[in-house]
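This briefing is meant for someone meeting the structure for the first time. Please look at the sequence and the model below before reading the notes that follow.

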Amino acid sequence: MKNHELDFKPLLTNVCLGIALASLIGCGGSGGSSNNKSSAAASSVAPASSTPASSMPASSSAASSSAPEWKLVWSDEFDGATIDTSKWNFEKNCWGGGNNEQQCYTDRPVNAFVADGALNIVAQREDFTGSDSPEGESPTTKTLPYTSARLRTKNIKEWTFGRFEIRAKLPFGQGTWPAIWMLPTNSPYGTWASSGEIDIMEAVNLKVVTNGSEPEAAVHGTLHFGRNWPGNVNSGADYKLPNNANPADDFHEYAVEWEEGEIRWYVDDVHFATQRDTGWYSQYMQDGTLKDAPVGAPFDRFSKYHMLLNLAVGGNWAGNVNNKGVDESVFPQKLLVDYVRVYECSASPTTGKGCATIGANAELVAGHQRPVIGQVELPGPPLFVMYDNSLASVLQFDSYNPDGKISHSQLEEAGRGNVWNVVKTGANGNAYFKIKGDPADMRNWATDSELVFDVKVNSKAEGAKLLVKIDSGWPNVSDVSVPLAADGEWKEYRITLADLLDNGNSLAGGQATLASVVNSFVVDPSAEMNVSFDNIRIEGEEADGGVTEFAPLPLFNMYNDNIAAGLQVQSYNPAGHITSSEKAEAGRGNVFNVVKTGTDGNVFFNVITNPVNLSKWGAQGKLKFDFKINSKAEGTKLLIKMDSGWPNVSDVSIPLPADGVWTEYTIGVADLIDNGNSVPCCPGIAKLNAITNIFVVEPSGAIDVSFDNVRLLVE
């Protein structure tokens with residue numbers, strides 16, 4: 001068993017500061033590699049601030065009973081024989097975490113147990129079958145090649161503000177992804193990520209050597225926020241231990257201090273990063289429209305967060321960096337957790353303020369600016385200057401930077417003024433010009449108009465390529481590989497919008513559309529590169545015929561004897577169970593008929609130039625249609641949906657009348673959107689400003705059903 005000592009390390013730091021100032025005598029303290037920990041009797045610690053300006057002399061701060069301190073309010077020291085189920089529950093599923101991870105989470109002792117004073121979370125190679133949904137309630141199953149465990153305090157204990165400390169030893173090897181993090185429980189700001197996520201510590205592929213590099217040794221602290229997926233963003237920083245130490249070799253303490261308007265990250269009491277509410281935001285769906293949450297959301301006093309501890313395998317991050325994939329030979333692997341401790345600030349438990357532990361060298365992470373809700377008017381033909389000495393006012397700089405490998409800035413260059421510079425030091429990430437408001441309709445540009453820019457490669461890794469893209473929301477992206485001149489040489493590049501759009505997405509299936517542009521200029525080097533841009537613009541003529549408004553108020557007939565212009569009938573039919581057709585019916589003309597003979601598949605009216613912005617229908621719009629059940633299997637239900645791309649779907653279960661009876665059904669558009677996705681595996685909600693499939697018919701089982709007079713209207 002480990003020795004137990006009262007650990008007042010933050011208090012000792014303040015005391016040592018006072019002694020050092022008075023007599024220049026140093027003080028010793030326990031290091032990160034020690035295997036000692038305190039008992040739960042250690043109920044409070046004073047803040048360990050390195051800031052020289054203190055509100056009272058350092059020599060008296062420890063002695064004063066009124067000095068602010070972090071007071072212990074919850075802990076698990078893992079000293080018992082079993083996991084304490086009054087503090088933790090298990091997530092049980094084979095869902096893959098929403099990140100294509102390769103593990104099933106179980107509650108079996110082989111995957112999670114307490115031994116020698118530590119929680120052991122074990123990932124091991126074995127095929128396992130379980131529910132393909134986050135909460136494990138879906139009867140749909142999936143088989144994955146690894147098992148592991150995820151413990152959480154959800155619905156047992158949640159917190160708002162405080163200091164959260166976890167002492168842990170991390171696993172290593174290609175494909176390992178340990179995480180210590182927090183999610184909201186019943187957030188007032190919708191679903192992920194408008195509801196927020198706090199990653200206290202994540203690491204991937206520790207100790208892996210890639211192409212002769214130093215062994216992977218970084219840990220990451222990150223926030224996720226913004227809009228619900230795929231409108232989410234994230235920002236954070238990484239940290240490496242001193243003296244080339246590796247987090248997989250010993251125990252280290254990982255912590256965040258969360259106060260109103262600010263979150264700080266620490267490793268072994270080294271403050272390495274800060275984020276503030278000037279760099280985070282939340283915009284969420286309410287009554288079918290996108291709303292601005294208050295400043296400070298989603299990490300504000302109205303949100304309660306639970307803690308999660310898990311070890312994932314592979315997935316979109318660990319499986320796509322370093323040597324990629326999963327190295328089966330390194331498993332089993334363990335995440336060892338010595339203790340979890342939660343403190344509140346005695347100065348102000350309701351805000352967390354007054355106990356800050358500040359390091360002089362901590363990075364202030366810029367984060368992301370809140371985008372405009374609604375349309376912004378872009379400059380039209382013949383010229384849209386995106387960047388020339390400065391960025392156009394309708395655009396904002398942004399980046400996708402999952403592992404801190406990409407940065408961008410404006411640099412002054414002789415003879416040019418400011419140029420936009422992008423530096424990439426790894427494999428993942430891109431930088432882009434984001435349209436400040438909702439996706440923009442750029443169909444007023446003739447497709448023979450040209451995207452034009454000057455580019456200069458300052459340096460690059462051997463074999464590195466430069467992709468430039470126009471983006472309608474992943475994977476609806478079109479890109480081009482730009483021919484590169486010699487390093488240090490400026491070169492003009494031109495491509496027509498038609499050619500760029502026709503290229504589609506070279507990394508995944510998809511294609512951008514001028515009807516809905518999210519990011520007007522995206523720079524994505526394939527490897528390490530330092531590259532500068534200038535005079536970024538679109539030149540061309542007005543499109544012939546102008547742009548026809550899609551689904552104008554107050555009435556849009558999607559189907560009335562035939563399908564509306566701008567829509568097409570499509571289906572998702574993986575097992576051949578569903579068909580659709582038009583049939584003549586006395587007194588009605590043509591009706592739209594759907595027949596399903598099994599459980600899988602749906603039929604839908606697809607917007608040809610998707611996605612489209614239907615926000616104008618959110619306030620008073622209604623979806624109305626007539627339908628008739630011709631026949632159905634017992635227990636079959638009928639879902640009607642709007643779809644912004646799976647899983648961002650909103651649906652309603654329609655009450656079914658007697659067979660053979662035409663019935664009118666009405667639901668408010670806002671009410672339908674607010675329902676969200678009822679499929680247990682995949683939480684999400686449709687976005688009225690980005691609808692791809694405007695009317696989706698999805699029976700749960702065998703049915704023959706007809707539809708007529710399908711419409712949106714304002715009465």
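In the second largest pocket, strand β13 gives the most to the lining, with 5 residues. The model is a predicted one, and the notes below take up that pocket, a cavity, two sheets and the disulfides.

**The second largest pocket**

- The space in the second largest pocket comes to about 700 Å³, and of the 28 residues that line this pocket, A366, G367, S399, N401 and I406 are the closest to its centre.
- Two or more lining residues of the second largest pocket come from each of the elements β12 (219-226), β13, β23 (395-400) and β24 (406-413).
- Sorted by character, the lining of the second largest pocket holds 7 nonpolar, 16 polar and 5 charged residues.

**The sheet that contains β13**

- Strand β13 also belongs to an open sheet of 7 strands, in which the order is β3-β8-β19-β10-β11-β12-β13 and the pairing is antiparallel.
- At the edges of this sheet stand β3 (89-90) and β13 (232-239), each of which pairs on one side only.
- In general, the strands of a sheet pair through backbone hydrogen bonds, and they may do so in a parallel or an antiparallel way.
- Strand β8 (residues 150-152) pairs with β19 in the antiparallel sense over 3 bridges, and within this pairing R150 has N310 of β19 as its bridge partner.
- Strands β10 and β19 run antiparallel and are joined by 9 bridges, with I180 finding its bridge partner in L309 of β19.
- Strand β10 (residues 176-184) also pairs with strand β11 (residues 197-202), in the antiparallel sense and over 4 bridges, and here A179 stands opposite E202 in β11.

**Strand β19 and its surroundings**

- In strand β19 (residues 305-313), 9 of the 9 residues are buried, so the strand is largely enclosed by the rest of the structure.
- From β19, the residues Y305, M307, L309, L311 and V313 point one way, while H306, L308, N310 and A312 point the other way, and all of them are buried.
- Two of these buried residues have already appeared as bridge partners, N310 for R150 and L309 for I180.

**The sheet of β34 to β42**

- Another open sheet is formed by 5 strands in the order β34-β37-β42-β39-β40, again with antiparallel pairing.
- The edge positions of this sheet are held by β34 (567-572) and β40 (649-653), each with a single partner strand, so one side of each is left without a neighbour in the sheet.
- On average, and with direction ignored, neighbouring strands of this sheet are turned by 20 degrees against each other.
- The pairing of β34 with strand β37 (residues 602-607) is antiparallel and runs over 6 bridges, and in β37 it is F605 that serves as the bridge partner of V569.

**The disulfides**

- The structure holds 2 disulfides, one of which joins C94 to C104 with a distance of 2.0 Å from S to S.
- The link of C94 and C104 is right-handed, with 115 degrees about the S-S bond.
- C94 lies in the loop between β3 and β4 (103-105), whereas C104 lies in strand β4, so this pair ties together parts that are 10 residues apart in sequence.
- Both ends can be placed by their accessibility, since C94 counts as buried at 1% relative accessibility and C104 is buried with a relative accessible area of 0%.
- A disulfide is also formed by C345 and C355, whose sulfur atoms are 2.2 Å apart, and this link is right-handed too, with 80 degrees about the S-S bond.
- C345 belongs to strand β20 (residues 333-345) and C355 to the loop between β20 and β21 (363-364), 10 residues apart, and both C345 and C355 are buried.

**The second largest cavity**

- The structure holds 2 cavities of 30 Å³ or more, and the second largest cavity has about 30 Å³ of space.
- The lining of the second largest cavity is made up of V455, K456, V457, P483, L484, A485, A486, E489 and K491.
- Strand β27 (residues 450-460) gives the most to this lining, with 3 residues.
- By character, the lining residues of the second largest cavity divide into 6 nonpolar and 3 charged, with no polar residue among them.

Conventions:
Residues numbered from 1 in each chain as written. Predicted model: local features only at pLDDT ≥ 70, side-chain atom pairs only at ≥ 80, totals over all residues. Heavy atoms only, no water. Pairing = 2+ DSSP bridges. Axes fitted to C-alpha atoms, helices over the stretch in contact; angles between N-to-C directions. Disulfide = S-S within 2.5 Å. Buried < 20%, exposed > 50% of the residue type's maximum accessible area, 1.4 Å probe, protein only. 1 Å grid on protein atoms, 1.4 Å probe; cavity = no way out; pocket = protein on both sides within 12 Å on 5 of 7 lines; lining within 4 Å. Points joined across faces, edges and corners; volume = space filled by probe spheres on them. Nonpolar A, V, L, I, M, F, W, Y, C, P; charged D, E, K, R; others polar.
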